[in-house]
Amino acid sequence: MEPFEVILGCFVGFVVCGLVFAAYKLGLLYQLFHKTETKSPRHGGESVAEVLRAHGVKYVFTLVGGHISPILVACEKMGIRIVDTRHEATAVFAADAVARLSGTVGVAAVTAGPGLTNTVTAVKNAQMAESPLLLIGGAAGTLLQGRGALQDIDQMSLFKPLCKFCASIRTVREIVPTVRKALAIAQSGTPGPVFIEFPIDTLYPFHLVSKEFAVKNPPKGLMGKIVAWYLHNHLINLFAGAWETRDVSPLPVDIPQATDDQIQKCIELVSRAKKPVILLGSQATLPPTPVDDIRKALEDLGIPCFLGGMSRGMLGKNSPIHIRQNRRDALKEADLVLLAGTVCDFRLSYGRVLNRRSKIITVNRDKTQLLKNSDMFWKPTIAIQGDAGSFLVQLSKGLKGHRCPEEWPQSLKAGDMTKENSNRAKADQKTDHHLNPLKVLHLVDELMAEDSIIVADGGDFVGSAAYIMRPRGPLRWLDPGAFGTLGVGGGFALGAKLCRPESEVWIVYGDGSLGYSVAEFDTFTRHKTPVIAVVGNDACWSQISREQVPILGSNVACGLAFTDYHTVADGYGGKGYLIGREDEDRLSDIIRQAQKESQEGKATLLNVLIGKTNFREGSISV
């Protein structure tokens, strides 16, 4: 063969391959086998709703916007409740709470641009709290992105660092498989948020979208014909095969598990331990293992437990193996420490509180969290990348008949009681002004219903509540987690009350954090979710002030006012109470009245004026 023929053959082959590739990218090949139903009234929002319904989604939280209206309308028609909030962050926080309490994926839908940027903090909080969450975002039309359309920004770059999976829908036929994939990824491995953006032309019906594609004054000549053909082809490809039957059922979820060999090695270590301790983190409450099974496993083991995050309440109100105080001392004395979903970050002084002579077993779904700071301050004896809840159940089965020596948990419990009696004595002391916050919290803890869910949103007042208030059972405590986000209260309480309408839902607010979500009292009223908020109002960002004043000599930016937050609640359709020192003798009656108002369907806010105590001196704010 002549060189010219070889070159010509290569050139022709290159051209053919280029044409085939172009035909593929333009959707021409797909259109040969899949038709576009131009008369169909259906729209992409219906496809989204079908997948969500098939996955058991009951609620979609939102702040409405035109970009996402088809999704909201379709979900409502299919029986999914649409709950609209007063801020997009609240919608994501509410979805986060639903994910934690229901074991399914929480879903929030917000409009393009500022609607999405308003969710960034809440999405990052869900990432760090390991909550499976689907964020649905609107977007500019597929051909208008990057061309200056309304609310058009590069949303994908914004959310890729925050989410396990990000996708931008380019054709209507992609909606079902993409949403199914996202929901599975959100729950697999280490759970977390996922994000899908929906350009507006993938959500509305063909007849409306086609009007936007019509060129009123196309360029004349060849260029005009090329532009008209390109736009028409893009429109046809956008809807090609859109309404073909597709599987909407859930995809398998991949959850890492400990191996039999790893469990056996742990059984041997625990069986030899004389002073073991378990530190339980939020991850231990994740599906698929029911929390009641985990609770039974812990009770059968008889090992003293410190509970953190969502695991608070795992052992009920007064368990003999639940230790609440003196954790640092217990860890120094322990000969074995089991970190079940607990991370050696700032909450454990980066691992420095662990005794180097202790055997340490760590179990975590996330490899990075599993070994965090192990290169500096601690070394695991056994590190297992797997599900903490199922591991505890398997460990308990393997140690059937074996229990921790009883004198060890008894000695820790005795120290626990001594510290709690000391704390209780501080609650009886008079403050210079207003009410003692510790007394208020003790009284709320005594009077709240046994099925109550506690939502923690604040700094100093909430830090005290964490020592005093006792969740009565598993999945009855909600706090932001490691990110320490303020502003979760309104959204968490909204999601909790929808998941558990029969339960009392208490929000413990600092007066600073209340400012982020007090407007959600309007949401509580409109959506008939009567929660109870108790606000520790000391007219100060006390968590910061406590360190800033003695170290730097100024209270700048820490001072607030004794604001009439109870009046704000009234204005939003709730019921507010102002409580000061003159109300101390009838504080119990006011709390019971708030509970009665809640039972009758009205969200209530207790604006409690509190004084200063030294209860949390030395606690960190950075």
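How many cavities of 30 Å³ or more does a search of the whole structure find? The answer is one, with a volume of about 30 Å³. Here a cavity is a set of points, on a 1 Å grid over the protein atoms alone, where a 1.4 Å probe fits but cannot get out; the volume is the space filled by probe spheres set on the points, which are joined across faces, edges and corners. Its lining (residues with an atom within 4 Å of a point) includes Gln429, Lys430, His434, Arg581 and Glu584.

A quick word on ground rules. This is a predicted model, where local features need pLDDT of at least 70 and side-chain atom pairs count only at pLDDT 80 or more, while totals for chains, interfaces and linings use all residues. Residues are numbered from 1 along each chain as its sequence is written, and side-chain values use heavy atoms, leaving out hydrogens and water.

Now look at Arg500, in the loop between helix H20 (489–499) and strand S14 (505–510); helices (H or I, at least four residues) and strands (E, at least two) are DSSP runs numbered from the N terminus. Arg500 is buried (under 20% relative accessible area, 1.4 Å probe, protein chains only). Yet Arg500 has no salt bridge, meaning a side-chain nitrogen of Lys or Arg within 4 Å of a carboxyl oxygen of Asp or Glu. The nearest side chain of opposite charge, Glu502, is 5.3 Å away. A polar atom of the Arg500 side chain does lie 3.5 Å from the backbone oxygen of Leu475.

Finally, Leu298 sits in helix H13 (residues 291–301) and counts as buried because its relative accessible area is 0%.

Technical notes. Buried means under 20% relative accessible area, exposed over 50%, partly exposed in between (1.4 Å probe, protein chains only). Lys and Arg count as positive and Asp and Glu as negative; His and the chain ends are not counted. A polar contact is a pair of N or O atoms within 3.5 Å; within protein, one must be able to donate a hydrogen and the other to accept it, and residues adjacent in sequence count only if both atoms are side-chain atoms. On a 1 Å grid over the protein atoms alone, a cavity is a set of points where a 1.4 Å probe fits but cannot get out, and a pocket is an open set with protein on both sides within 12 Å along at least five of seven lines; lining residues have an atom within 4 Å of a point.
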